[in-house]
Each structure stands twice: as structure tokens, then as C-alpha cells.
Amino acid sequence: LLASYEALRDKRAVTQDGVEIDLFINAGLTIDMDGLEHTGAKGVGLFRTEFQFMIGATMPKVDSQAEFYKSILDTAGDKPVVFRTLDIGGDKPVPFLKRDEEANPALGWRAMRISLDRPALLRYQLRALFLAAEGREISIMFPMIADVHEFRSARSILDKELAWLDRFGKVKPKKVRVGTMLEVPSLVWQLDNLLPLVDFVSIGSNDLMQFFFACDRENPKLAERYDPLSPAALGMMKFIIDKCNEYDVPVTLCGELGGKPLAALGLLGVGLRRLSIAPASVGPVKMMIRSLNLGQLQDYMQGLLSRSDHSVRNSILTFAKDHGI
Ligand code: PEP
Ligand code: MG
């Protein structure tokens with residue numbers, strides 16, 4: 001099977017009826033970048049920058065951050081990399097940042113909330129990213145945005161850093177694309193205000209499902225309890241995707257969900273066309289895509305979402321079996 005995934009490396013992720021699905025990989029360490037070469041993915045849809053911050057006793061200096069990001073961009077070559085700014089706190093502690101004990105860390109002082117309260121952290125990181133670009137294009141996205149005003153604040157910090165480059169005569173990136181993770185349900189209800197402000201959106205289904213079902217993503221007792229392939233969850237995904245299409249904003253899903261072929265099938269059925277997944281998932285997902293007739297799937301899924309019996313997963317599985325996927 002592994003050999004057959006490898007054989008797919010240079011093949012496009014196109015369905016039987018000719019629809020191309022864009023597959024990207026998730027990465028966070030230098031070694032993950034090998035995945036681009038091995039899988040033939042189109043780029044890095046999510047680069048988790050926090051790992052570099054979690055290992056040292058002090059905050060990495062701008063220079064060493066920039067050197068690291070530059071090595072990532074160099075490795076990616078012509079392929080785009082979406083850098084996510086620091087997503088710390090919650091389950092990702094950093095040694096140099098003092099935090100109070102929290103009863104509910106997943107709901108607590110984390111990610112963008114820390115960055116907006118400690119803007120120097122974010123400013124230096126953005127500076128490092130811009131310097132690393134050395135005139136190339138760069139894509140930046142913010143984690144755990146819960147409200148449009150948080151995106152606006154983050155964006156204005158980013159604009160300050162761009163002005164800093166100007167002031168000190170540094171080379172600016174050719175283009176800066178700025179987007180946001182969609183991980184908090186409240187943001188789903190602000191899409192009409194958010195989408196005109198962003199260049200792209202990435203659905204972080206790990207956190208989005210955790211908050212949607214009020215279900216701790218780390219708790220094994222709850223892992224099977226709520227189904228992301230239920231009418232409620234898929235209905236929300238469809239709502240997000242339809243809105244993004246309406247505003248012509250590219251939408252990717254970068255949570256673990258997209259790496260499971262059956263879940264990916266359900267997501268394609270509600271309109272998703274871009275996935276960012278673990279390198280090891282690219283082969284299996286691409287194989288599924290290449291055996292799929294998307295038109296038939298979309299017809300089949302019409303009506304499934306209004307069901308009350310939560311059997312969408314089984315129905316999608318039946319479709320997959322009946323169609324030799
Ligand atoms: C997510 O929440 O789906 C996501 C991709 O971010 P992380 O898993 O790093 O929280
Ligand atoms: Mg997340």
C-alpha cells in the first residue's frame with residue numbers, strides 16, 4: 001500500500017469527474033518539510049511556529065527566529081508556506097512565559113489572547129517572518145481568533161511591523177497574505193464582517209469541534225462521543241464553506257479531520273476543495289479523491305444534512321463502499 005501511495009506522488013489530486021482538490025501538508029519542524037518532496041503536496045497549509053518557542057528556556061531572538069523561518073521558506077522553494085503565529089498556552093506551555101494556573105486552559109489565556117496582551121512577542125515574530133522572506137511572498141495566519149476586532153488588532157500590529165521595515169530600509173516581502181484560523185464558533189457568526197478583511201481562512205477543526213461540542217479534544221473518554229460527520233457539524237462546515245465562496249475567500253481545513261479519508265469525503269461533499277493534512281495522510285486522501293465522482297457524492301449528500309438520525313457517517317461509508325472508494 002505504501003508503495004502505491006508513493007506512486008501517487010506526482011499525480012494530481014483530481015476526482016474522476018475532473019475536480020482538482022488542493023492538498024497541502026501541516027508542518028512544525030524542519031524534518032516535517034521532507035513531506036513536501038515525498039507527497040507532492042502543493043505547499044504547507046499550516047506551519048505551527050510554536051515548537052521553536054516551547055523548547056528553549058528563553059524567548060528565541062529575532063535573528064534565530066528569522067534564520068529558522070528562512071530555512072523553511074528555502075526548503076519549500078516555489079511552494080507556499082502559511083505560517084501561523086504563536087499558538088501557545090492551553091496544552092502548549094512555553095518555559096519563559098509566566099502564567100497563572102487556570103481551571104480551563106483550553107478556554108483560557110492562550111494563542112492570540114496572549115499575543116494581543118503581549119504584543120512585543122507577536123511583533124518580533126512578525127519581524128522575523130518578514131526578514132526571513134527576503135523579498136519573497138509570505139502568508140501569515142492568526143490562531144484562536146474569536147472576534148473580528150481581534151483580527152483587526154492583530155492586523156494592525158502586522159501593519160506596524162511592515163512600517164518598521166520601511167523605516168529601517170529593510171526589504172519588504174513582495175506580498176503579505178494575511179488570514180485567520182477559524183477555530184472558535186463565535187467567529188462563524190461574524191463571517192460577513194470577517195471575510196472582507198482576510199486573504200484566506202483555515203478551519204482548525206481540532207479546536208472548532210472541541211468548542212462546538214464542548215468536548216475536550218484531549219480526553220480519550222470523549223473521543224468517540226460526538227461525530228464531526230453528524231448533520232450539526234457538517235452543516236456548520238457547509239455554512240462556512242458557502243460563505244467563503246460567496247466572498248471569494250479561499251478556505252482550507254487544517255485539522256486532523258481532513259486527514260481521515262472518510263471524513264475528507266464528507267467534507268468534499270459539503271463543498272471543501274482545499275485540505276492541509278499530516279504528510280502521512282496525503283497518500284490515502286489522494287487515493288480516495290482519485291477514485292471519487294464528486295458530482296455523484298454531492299447529489300447523494302443533498303438531504304443527508306437535514307436528517308435527525310445522525311447516520312450521515314454510515315451513509316457516507318455506504319457511498320464509499322458502493323462506489324469502490
Ligand atoms: C486545529 O485546532 O484544528 C489546529 C489545526 O490547530 P492545533 O491543532 O495546532 O491547535
Ligand atoms: Mg487549534
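Just after helix H10, Ala-214 takes a positive phi of about 50 degrees. The model is a predicted one, and the points below move from H10 to the ligand whose shell H10 helps to form, and then to other helices and loops. H10, which spans residues 205–212, is one of two elements that each supply at least two residues of the shell around ligand 1, the other being strand S2 (44–48).

**Helix H10 and its surroundings**

- The buried residues of H10 are Ser-205, Asp-207, Leu-208, Met-209 and Gln-210.
- These buried residues are covered by parts of the chain that include three strands, namely S5 (176–182), S6 (200–203) and S7 (251–253), together with helices H8 (185–188) and H11 (231–246).

**The shell around ligand 1**

- Which residues surround ligand 1? They are Leu-46, Arg-48, Asp-87, Glu-183, Gly-204, Ser-205, Asn-206, Asp-207, Cys-254 and Gly-255.
- Of the elements that contribute to this shell, H10 gives the most, with three residues.
- Sorted by class, the shell around ligand 1 has four charged and four polar residues, alongside two nonpolar ones.
- Ser-205 and Asp-207 belong to the shell around ligand 1, and both of these residues are also listed among the buried residues of H10.

**Helix H6 and the residue that follows it**

- Helix H6 runs from residue 119 to residue 133, and its 15 residues reach 21 Å from the first C-alpha to the last, which is close to the 21 Å expected at 1.5 Å a residue.
- H6 is mostly covered, since eleven of its 15 residues are buried, and among them are Leu-121, Leu-122, Gln-125, Arg-127, Phe-130 and the closing pair Ala-132 and Ala-133.
- The partners against which the buried residues of H6 pack are the helices H4 (62–76), H5 (112–117) and H7 (148–167), as well as the strands S3 (81–84) and S4 (138–142).
- H6 is followed by Glu-134, whose phi is positive and near 45 degrees, a positive value in a residue other than glycine.
- Glu-134 lies in the loop between H6 and S4, and Glu-134 counts as partly exposed because it has 15 C-beta neighbours inside 10 Å, which falls between the limit of 12 or fewer for exposed and that of 20 or more for buried.

**Another positive phi, in the loop after S4**

- Met-144 is not a glycine, although its phi is positive, at about 55 degrees, and this residue is found in the loop between S4 and H7.
- Is Met-144 buried or exposed? Met-144 counts as buried because it has 23 C-beta neighbours inside 10 Å.

**The loop between S3 and H5**

- Gly-89 is found in the loop between S3 and H5, and Gly-89 is buried because 24 other C-beta atoms lie within 10 Å.
- Leaving aside its neighbours within four places in sequence, Gly-89 is in contact with Arg-99, Pro-105, Gly-108, Trp-109, Arg-110, Ala-111 and Ile-114.
- Gly-89 and Glu-50 are 39 residues apart along the chain, and their C-alpha atoms are separated by 9.9 Å.
- Pro-95 also lies in the loop between S3 and H5, but Pro-95 is exposed, because 12 other C-beta atoms lie within 10 Å.
- From C-alpha to C-alpha, Pro-95 and Phe-53 are 8.2 Å apart in space, while 42 residues separate them in sequence.

**Met-237 in helix H11**

- Met-237 has its place in helix H11, and Met-237 is buried because 26 other C-beta atoms lie within 10 Å.
- Not counting residues up to four places away in sequence, Met-237 touches Leu-267 and Val-270.
- The C-alpha atoms of Met-237 and Val-270 are 7.3 Å apart in space, although the two residues are 33 residues apart in sequence.

**How helices H12 and H14 meet**

- Helix H12 (residues 261–269) and helix H14 (residues 294–301) pack at an angle of about 80 degrees, with their axes 9 Å apart.
- H12 and H14 are therefore roughly perpendicular to each other, because angles of 65 to 115 degrees are counted in that way.
- On the H12 side, this contact is made by Leu-265, Leu-268 and Gly-269, and on the H14 side by Leu-294, Leu-297, Gln-298 and Met-301.
- By class, the contact of H12 with H14 has five nonpolar and two polar residues, and no charged residues.

Key
Residues numbered from 1 in each chain as written. Chains lettered and ligands numbered in written order. Predicted model: local features only at pLDDT ≥ 70, side-chain atom pairs only at ≥ 80, totals over all residues. Helix = DSSP H or I, 4+ residues; strand = E, 2+ residues; numbered from the N terminus. Expected span 1.5 Å × (residues − 1). Contact = placed C-beta atoms within 7 Å. Near = placed C-beta within 6 Å. Nonpolar A, V, L, I, M, F, W, Y, C, P; charged D, E, K, R; others polar. Axes fitted to C-alpha atoms, helices over the stretch in contact; angles between N-to-C directions. Parallel < 35°, antiparallel > 145°, perpendicular 65-115°, else oblique.
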